[in-house]
Amino acid sequence: MKRLIGGFFPAAAVIVALATIFAERWLPIPTSLQASYFLDLTAVAVTAMFGVAGALRQTKAVLDEFTTIRRRRADRAVPPINAEFILHLILSSEKCDDQVNSLEELYAKKRARLGSGRADIWYWKQVIGLVWRQLFRGRAKTAVVKLVCWALRICGMGTLADALTKAAAELTSAAPQPSNRRRP
Amino acid sequence: MNLSEFEALVLTGVISAAPDAYAVPIFEEVEQLLPSKKELPLGRLYVALDRLERDGLVRSRYSKPENEPNGRSRRYFEITGAGSRALREAIADTGIGQFSPRLGATR
């Protein structure tokens, strides 16, 4: 409704301006120079008045809408959408649903305790940690070994590089368990 | 089966949070049991749970989305017989439960 009113006033201003020009040109009214100026000035004044009023109403409508969205977001405790989007991009749908669910539940609790800013930071930290631990941790280790071997080969130590590759492969196949697990 | 302290804590969390043992209650249980008051990353818990499932110490199932309040499926965990045995052994052999009376109580 506010948008309609906001749109109505500028339109009305244009119609009034056109009607004034039409009256000036085509209706049998005195068309002395003074009268013409008077009509032109009236048209400009009316247009400006309606235009400013319409713009103000439109601005108020937009601000009201913005405030409503902010209030709704504050009530619902919505976590950062971008962070959630990263999880959707990377994880399978079931896994992602479960992890986003858990993150949202914990986020709501954190937000109640710490406030939205710190809860948002907490959420981002958790998402980065989830992605790192589940996707890149093992691969990063492999990449480091490959990089070191490549550097050794460039330096002419191919035998050492081969030995390192072999040792890394043996370690990976012999010890799939994490390093913090106790050995018998 | 030799468990790390963290894995023993996670298994205890799974037992304590049963029958609705999904990630959040387990996370809260483990956070309470942890000796240090450092913030526990959720990713660490998920990795540990995946590892325990791979080793056959816990099993998991995804719920149907329509049964959940926000329409997203959840992963529920349950300890297996092997998991219970491993936890009992870990507590008896290595005294993992010494630092936490609640973990010792599962003995």
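Select chain A and follow it from the N terminus: its elements run α-α-α-α-α-α, that is, six helices and zero strands. The model is a predicted one, and colouring by pLDDT is a useful opening view. The mean pLDDT of chain A is 74, with 68% of its residues at 70 or more. Helix α1(A), residues 2-26, has the lowest confidence in the chain, with a mean of 67, whereas α4(A) has the highest, at 86. Next, select residues 175-180 of chain A, where the pLDDT is below 50; apart from near neighbours in sequence, this stretch has three contacts in the model.

With chain A still selected, consider burial. Of its 184 residues, 11% count as buried. Among contacts in chain A between residues at least 6 apart in sequence, 61% join residues at least 24 apart.

**Two alanines in chain A**

Select A:A108, which lies in helix α4 of chain A, residues 93-114. Is A:A108 buried or exposed? A:A108 is partly exposed, because 15 other C-beta atoms lie within 10 Å, and the class of partly exposed residues falls between the cut-offs of 12 or fewer for exposed and 20 or more for buried. Add A:A119 to the selection: eleven residues separate A:A108 from A:A119 in sequence, and their C-alpha atoms are 8.2 Å apart.

Move on to A:A168, in helix α6 of chain A, residues 158-174. A:A168 has 17 other C-beta atoms within 10 Å and is therefore partly exposed. A distance drawn from A:A168 to A:K146 spans 9.7 Å between C-alpha atoms, for a separation of 22 residues along the chain.

**The contact between the chains**

Display both chains and select the residues at their contact: 22 residues belong to chain A and 20 residues to chain B. On the side of chain A, the elements that give two or more residues are α4(A) and α5(A), the latter covering 116-154. The largest share of that side, ten residues, comes from α4(A). Coloured by residue class, the side of chain A that touches chain B shows seven nonpolar, seven polar and eight charged residues.

**Chain B**

Hide chain A and trace chain B along its sequence, where the pattern is α-α-α-β-β-α-α. The secondary structure of chain B amounts to five helices and two strands. Of the 107 residues in chain B, 40% are buried. Contacts between residues at least 24 apart make up 47% of those in chain B that join residues at least 6 apart in sequence.

Select B:P19, in the loop between α1 and α2 of chain B. The peptide bond leading from B:A18 to B:P19 is cis, with omega near 5°.

Now select helices α2(B), residues 23-33, and α3(B), residues 42-54. How do they pack? Their axes are 11 Å apart and form an angle of about 105°. Helices α2(B) and α3(B) are therefore roughly perpendicular to each other, since angles of 65 to 115 degrees count as such. To see the contact, show the side chains of B:A23, B:I26, B:F27 and B:V30 on α2(B), and of B:L42, B:L45 and B:Y46 on α3(B). The residues of this contact comprise seven nonpolar, no polar and no charged.

**The largest nonpolar core**

Restore chain A and select the largest nonpolar core, which has 39 residues; B:V10, B:L11, B:V14, B:I26, B:F27, B:L45 and B:L49 touch the most other members. At least two residues of this core come from each of α4 and α5 of chain A and from each of α1 (5-17), α2, α3, β2 (75-79) and α4 (81-94) of chain B. Which element gives the most to this core? Helix α1(B) does, with seven residues.

Centre the view on B:L11. Leaving aside neighbours within four places in sequence, B:L11 is in contact with B:L52, B:L57, B:I79, B:G83 and B:L87.

**A last stop on helix α4 of chain B**

Finally, select B:R85, found in helix α4 of chain B. B:R85 is exposed, because 12 other C-beta atoms lie within 10 Å, and the cut-off for an exposed residue is 12 or fewer. Add B:L57 to the selection: B:R85 and B:L57 are 28 residues apart in sequence, and their C-alpha atoms lie 9.0 Å apart in space.

Key: Residues are numbered from 1 along each chain as its sequence is written. Chains are lettered from A and ligands numbered from 1 in the order in which they are written. This is a predicted model: local features need pLDDT of at least 70, side-chain atom pairs count only at pLDDT 80 or more; totals for chains, interfaces and linings use all residues. Helices (H or I, at least four residues) and strands (E, at least two) are DSSP runs, numbered from the N terminus. Two residues are in contact if their C-beta atoms, placed from the backbone, lie within 7 Å. Ala, Val, Leu, Ile, Met, Phe, Trp, Tyr, Cys and Pro count as nonpolar, Asp, Glu, Lys and Arg as charged, and the others, Gly among them, as polar. Axes are lines fitted to C-alpha atoms, for helices over the stretch in contact, and angles run from 0 to 180 degrees between N-to-C directions. Angles under 35 degrees count as roughly parallel, over 145 as roughly antiparallel, 65 to 115 as roughly perpendicular and the rest as oblique. pLDDT is the predictor's confidence in each residue, from 0 to 100. A nonpolar core is a set of buried Ala, Val, Leu, Ile, Met, Phe, Trp, Tyr and Cys residues joined through C-beta atoms within 7 Å.
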